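Here is a short tour of the model on your screen. Keep the viewer open and follow along from one heading to the next.

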Amino acid sequence: MTRTLSKLSELTPARVRLDAKATPLPLRNLLNFQEDHASARDAIFEKVDWTQLEATVGPLHHVRSRAHSREEYLRRPDLGRTLSRDASIPSSRPKLAIVLADGLSPPALVRQAPLVIAALREQNEDARDAPVFAASEARVALGDAVGEAAGAEMVLVLIGERPGLSVSSSLGAYLTYAPRPGTRDSARNCVSNIHDKGGLTAEKAASRLSWLIVAAQRAGQTGVALKDESPVDPSLPSPTQDIKET
Amino acid sequence: MATYSGTVRGERFTFNSLARLLAAATPEKSGDQLAGVAASSARERVAARRALADLPLRTFLSESVVPYEIDAVTRLIIDSHDEAAFTPFSSMCVGDLRDWLLGDMADTMSLQQAAAGFIPEMVAAVSKLMRNQDLIRVARKCEVVTAFRNTLGGRGTLSTRLQPNHPADDPRGIAVAILDGLLFGAGDAVIGINPATDNLGNCYDLLCTLDDIRARLQMPGQTCVLTHVTNAMELLKRAAPVDLIFQSVAGTQGANEGFGVTLDILQEAWEAGLSAQRGTIGNNLMYFETGQGAALSADAHHGVDQQTLEARAYAVARAYDPLLVNTVVGFIGPEYLYDGRQIIRAGLEDHFCGKLLGLPMGVDVCYTNHVQADQDDMDVLATLLASAGVNFLITVPGADDAMLGYQSLGFEDLAYLREITGSRAAPEFEAWLEAAHAGGGLLEGPGGILENMGLVA
């Protein structure tokens, strides 16, 4: 029984203990938790090495939000959604603009964004032609201002997600059609939890995003009206077939 | 527009609208400072409370903090107000209501009768005149019972949502997390998954997984995949096993539009859920989540403080006779609730306001990694809420949600709370757990849980 239970715990990154006696948390678990919390807290305050990213992703146009420090960024999300006054963005009217945003986990951007972009460029022509922006102290909605200034039909923001305990470097991707400041979050499609510790892999995330980019162009919109019906992760058992047929 | 004023140490402070008065009277929150509506000094805050104490409750029926003409939530609040239930309070000021609530006249029955007579702005206002202990003391007197496949909220019960999230929505990983919680007796309120993606096929698979586990274990409880309400309706059309219909809601029309919902859509979803007739002993089937700061986050706050807007979200929830409502109090981040102290205060306010308005109120006692809080703060809030008689709390394996990336309570915390308060699970669920243990334990009894969940052959 014990061996069965410990094998089962490998099926999830969640902190399961499978304790049939329901005993209090062992000290070892408590200290592990505190170690992870400390690491997540530290990840928020790391800096993106943009030079290193540029070496893998290619040329970047740098922009900043109006938040001047991490502390200000945390307390004032409104500043993180607004472009700095000195921002200069070339209007090349691309079908797609890509924004790399540090968000709440700079390490997530550094690790996952190059993989997502490489996979996406393989699958999607618009992604190959997309200008790429590097945004510091940035929230998701900063992409609206960037996309509008670039004259982009849609904008894809890759952003470091708020660090969790298990994973402090998870990437989120937000696709917004006709971006402009003031766009509501319900008008975006999101693919989240992109990381290499049991999350969505960069390749699968790119497949979903590629599907969404094509679907958004066809529908002329993103958001709750655009249902993500890209093929489900093939490792899942698939009553999905039933849905397609009904 | 009316103006209000209060005097502190000989200095007179003036507030040029009801919204300004409420915002100035509210306990300090970073979100109200972000919105630019907070009191600019501690003395101004007390002056506002003095003015608020003398404000007739009737004022809230004639002057709305968000105009009736432009906001569907205000129209819902005013149009559905029960004047008869309000009659005993019709000549009271906010301060009188505070005294009445703390007195013996306010008991379980009189509070239940009063609920429909209160509107959110009244209960938000009175909460601003109350200390933490007052919020606990009054909420404890309220009892809100709801039912679907079990009975939740009865006095002496403390229920839990078991939240078995998985970063890739893997059904076996989810089943293991469910097992982890069931061993601690969690999950009577709902076994509810936040899906990693809103992909319809994915949600369909998760619903089937949950329903299969529930049916195999013959568990008297309900399941939910927390996807957008329009997805739930679509899934119901495709005959998916949807027990509860979930939606995040907020206190203004604009903020709800930010969530992609209107009152009409919620009504349609509720009716669709009712027509599925899946409840066995009750028909409460809506599940709502809320949280202070949602309206500001959607830029739809109309200059109203976040706690008052949160209470308005409860008016939306109560229109659909929900099974469960919970505030996700520490999820939103430091720009709205800066630290453990603000999260604790907000959790108690939300629970109090929800209960006073007649809601089956639960709380996700939680924090994120970018806020100044840790497990010690959560221990304090969870202990206070258990004392206050909260209907249910959220629990996840090891207090760590591996998908959403934030920390809630762990299953061990539930064991702690039941030990110190003597509270128990929903009666049907508790009987089921006891039968399982009498039969040799959840794991080893006849047709042990592992086989029943399909985890081992």
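## A covered helix in chain B

In this predicted model, the buried residues of α11(B) are B:Pro171, B:Gly173, B:Ile174, B:Ala175, B:Val176, B:Ala177, B:Ile178, B:Leu179, B:Asp180, B:Gly181 and B:Leu182. That list accounts for 11 of the 12 residues of the helix, so α11(B) is mostly covered by the cut-off of 20 or more other C-beta atoms within 10 Å. From its first C-alpha to its last, α11(B) reaches 16 Å, close to the 16 Å expected at 1.5 Å a residue.

A second helix worth bringing up is α18(B), which runs over residues 340-356. Its 17 residues should span 24 Å at 1.5 Å a residue, and the end C-alpha atoms are indeed 24 Å apart. Because 16 of the 17 residues of α18(B) are buried, this helix is largely enclosed by the rest of the structure. Just after α18(B), B:Gly358 takes a positive phi of about 90°.

## Chain B as a whole

Stepping back, chain B contains 22 helices and 15 strands. Its radius of gyration is 22 Å, close to the 23 Å from the globule rule for 457 residues, so chain B is as compact as a globular protein of that length. The C-alpha trace spans about 75 × 45 × 45 Å along the principal axes of chain B.

How much of chain B counts as buried? The figure is 62% of its 457 residues. Contacts in chain B also reach across the sequence: among those between residues at least 6 apart, 76% join residues at least 24 apart.

## Annotated positions in chain B

An unreviewed UniProt entry carries the annotation "binding site" for B:Arg161, B:Leu162, B:Gln163, B:Asn194, B:Glu289 and B:Asp364. Take B:Gln163 from this set: it sits in the loop between β5 (159-162) and α11 (171-182) of chain B. B:Gln163 is buried, because 27 other C-beta atoms lie within 10 Å. Not counting residues up to four places away in sequence, B:Gln163 touches B:Gly192, B:Ile394, B:Thr395, B:Val396, B:Asp401 and B:Ser408. B:Asn194 is placed in the loop between β6 and α12 of chain B. With 18 other C-beta atoms within 10 Å, B:Asn194 is partly exposed. Leaving aside neighbours within four places in sequence, its contacts are B:Asn165, B:Leu226, B:Met403 and B:Leu404.

The "binding site" annotation in the unreviewed UniProt entry also covers B:Pro195, B:Gln247, B:Ser297 and B:Met403. B:Pro195 lies in the loop between β6 (190-193) and α12 (200-217) of chain B. Is B:Ser297 buried or partly exposed, and what about B:Pro195? B:Ser297, found in helix α16 (residues 294-297) of chain B, is buried with 22 other C-beta atoms within 10 Å. B:Pro195 has 19 such atoms within 10 Å and is partly exposed. Beyond residues up to four places away in sequence, B:Pro195 touches B:Asp169, B:Asn202, B:Cys203, B:Leu206, B:Val225 and B:Thr227.

## Chain A

Now over to the partner, where chain A has 10 helices and six strands. A compact globule of 246 residues would have a radius of gyration near 18 Å, and the 20 Å of chain A agrees with that. Taken along the principal axes, the C-alpha atoms of chain A fill a box of roughly 65 × 50 × 35 Å. Buried residues make up 50% of the 246 residues in chain A. Among contacts in chain A between residues at least 6 apart in sequence, 73% join residues at least 24 apart.

For a local stop, try A:Glu125, which is found in helix α7 (residues 125-129) of chain A. A:Glu125 counts as partly exposed because it has 13 C-beta neighbours inside 10 Å. A:Glu125 and A:Ala141 are 16 residues apart in sequence and 24 Å apart in space, C-alpha to C-alpha.

## Where the chains meet

The contact takes 58 residues from chain A and 56 residues from chain B. On the chain A side, α1 (2-8), α2 (27-44), α4 (70-75), β6 (188-194) and α10 (240-245) each supply at least two residues. Of these, α2(A) gives the most, with six residues. By class, the side of chain A that touches chain B has 28 nonpolar, 16 polar and 14 charged residues.

Technical notes: Residues numbered from 1 in each chain as written. Chains lettered and ligands numbered in written order. Predicted model: local features only at pLDDT ≥ 70, side-chain atom pairs only at ≥ 80, totals over all residues. Helix = DSSP H or I, 4+ residues; strand = E, 2+ residues; numbered from the N terminus. Rg over C-alpha atoms; globule rule 2.2 N^0.38 Å. Contact = placed C-beta atoms within 7 Å. Nonpolar A, V, L, I, M, F, W, Y, C, P; charged D, E, K, R; others polar. UniProt positions renumbered as here; feature names shortened; annotations may be inferred. Expected span 1.5 Å × (residues − 1).
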